[in-house]
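Hello,

Here is the structure I promised to pass on to you. Have a look at it first, and then read on for what turned up when I went through it.

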Amino acid sequence: MRFRLKRILAWMPGGFLVVFSRVEIETEDEQGLVLDADGWRVAFDKRSQVVARSGRTVVSFSSVNSIDVKHFVNGKRMEWWVLSLALRGGRRITIGRSANDAQVSIAAAHIAGVTGKPVRVVGGVGL
């Protein structure tokens, strides 16, 4: 397995590399949606009704309750938004994060269009 140093450091406590994180739409068509979330390929396949990360199935659309966007603040200068899928039973699967709120909002809206699930803005946490 090959991991880039950025992937490992980006999720460290405090998220000091969050400014380099991104969630962008790679492709979207009638078959589904593919996101680039910090180098991880996350696919939402309409035909099979599943979400896959780097080719491995993560969850089915039917298990997803909502697409959540959560705002975090670390001190006075750094803030970021986390995009995740809220599942039945209270579990959450993080898709990615970005310092760009528009990037996360657009990705959330496109995921909602593909999955048919609502987008929720979840209360953020100050660190």
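The largest nonpolar core has 24 residues, and L35, F44, L83, L85 and I111 are the ones with the most contacts inside it. Please keep in mind that this is a predicted model. Six elements each give this core at least two residues: strand 2, strand 3, strand 6 (64-74), strand 7 (78-87), strand 8 (92-98) and helix 2 (101-115). Helix 2 provides the largest share, with 6 residues. As general background, nonpolar side chains in soluble globular proteins tend to be buried together.

Here is how some of the residues in and around that core are placed.

F44 belongs to strand 3. Its relative accessibility is 1%, so F44 counts as buried, the cut-off being under 20%. Beyond its sequence neighbours up to four places away, F44 touches Q31, G32, L33, L35, V50, V51, F61, L85, I95, I111, V114 and T115. You can also find V34 with its C-alpha 6.2 Å from that of F44, although their positions lie 10 residues apart in the numbering.

L35 has a list of its own. Setting aside residues up to four places away in sequence, L35 touches V23, E24, I25, E26, W40, R41, V42, F44, I95, A107 and I111.

I95 sits in strand 8 and is buried because its relative accessibility is 6%. Apart from neighbours within four places in sequence, I95 is in contact with L35, A37, V42, F44, R53, L83, S84 and L85. If you want a long-range pair to look at, try I95 and D36: they are 59 residues apart along the chain, with 9.5 Å between their C-alpha atoms.

D36 itself is part of strand 2. Is D36 buried or exposed? At 15% relative accessibility, D36 counts as buried. Not counting residues up to four places away, D36 touches R22, V23, E24 and E26. For D36 and R22, the C-alpha atoms are 7.7 Å apart, and the two residues are separated by 14 in sequence.

Next come the loops.

F61 is in the loop between strand 5 (56-60) and strand 6, and F61 is buried because its relative accessibility is 2%. With neighbours within four places in sequence left aside, the contacts of F61 are F44, D45, K46, Q49, V50, V51, V114, T115 and K117. Q49 is one of those contacts, and its C-alpha is 5.4 Å from that of F61 while the two are 12 residues apart in sequence.

Q49 lies in another loop, the one between strand 3 and strand 4. Q49 has a positive phi of about 60 degrees although it is not a glycine. At 38% relative accessibility, Q49 counts as partly exposed. S54 also has a positive phi without being a glycine, with a value near 50 degrees. You will find S54 in the loop between strand 4 and strand 5, where it counts as partly exposed at 41% relative accessibility.

You may want to look at the pocket as well. The largest pocket has a volume of about 180 Å³. Of the 13 residues that line it, Q31, V34, A43, F44 and D45 are the closest to its centre. The elements giving two or more residues to this lining are strand 1 (23-29), strand 2 (32-37), strand 3 (40-45) and strand 4 (50-53). By residue type, the lining of the largest pocket divides into 6 nonpolar, 4 polar and 3 charged. F44 therefore turns up in two places: among the residues closest to the pocket's centre, and among those with the most contacts inside the core, as a buried residue at 1% relative accessibility.

Finally, the overall picture. The protein has 2 helices and 9 strands, and along the sequence they follow the pattern α-β-β-β-β-β-β-β-β-α-β. Of its 127 residues, 38% count as buried. Among contacts between residues at least 6 apart in sequence, 46% join residues at least 24 apart. The protein exposes about 7,300 Å², and carbon and sulfur atoms supply 54% of that area.

Best wishes

Technical notes:
Residues are numbered from 1 along each chain as its sequence is written. This is a predicted model: local features need pLDDT of at least 70, side-chain atom pairs count only at pLDDT 80 or more; totals for chains, interfaces and linings use all residues. Side-chain values use heavy atoms; hydrogens and water are left out. On a 1 Å grid over the protein atoms alone, a cavity is a set of points where a 1.4 Å probe fits but cannot get out, and a pocket is an open set with protein on both sides within 12 Å along at least five of seven lines; lining residues have an atom within 4 Å of a point. Grid points are joined across faces, edges and corners, and a volume is the space filled by probe spheres set on the points. Helices (H or I, at least four residues) and strands (E, at least two) are DSSP runs, numbered from the N terminus. Ala, Val, Leu, Ile, Met, Phe, Trp, Tyr, Cys and Pro count as nonpolar, Asp, Glu, Lys and Arg as charged, and the others, Gly among them, as polar. Buried means under 20% relative accessible area, exposed over 50%, partly exposed in between (1.4 Å probe, protein chains only). Contact means heavy atoms within 4.5 Å. Accessible areas come from the Shrake-Rupley method with a 1.4 Å probe; for residues, only the protein chains shown count as cover. A nonpolar core is a set of buried Ala, Val, Leu, Ile, Met, Phe, Trp, Tyr and Cys residues joined through side-chain atoms within 4.5 Å.
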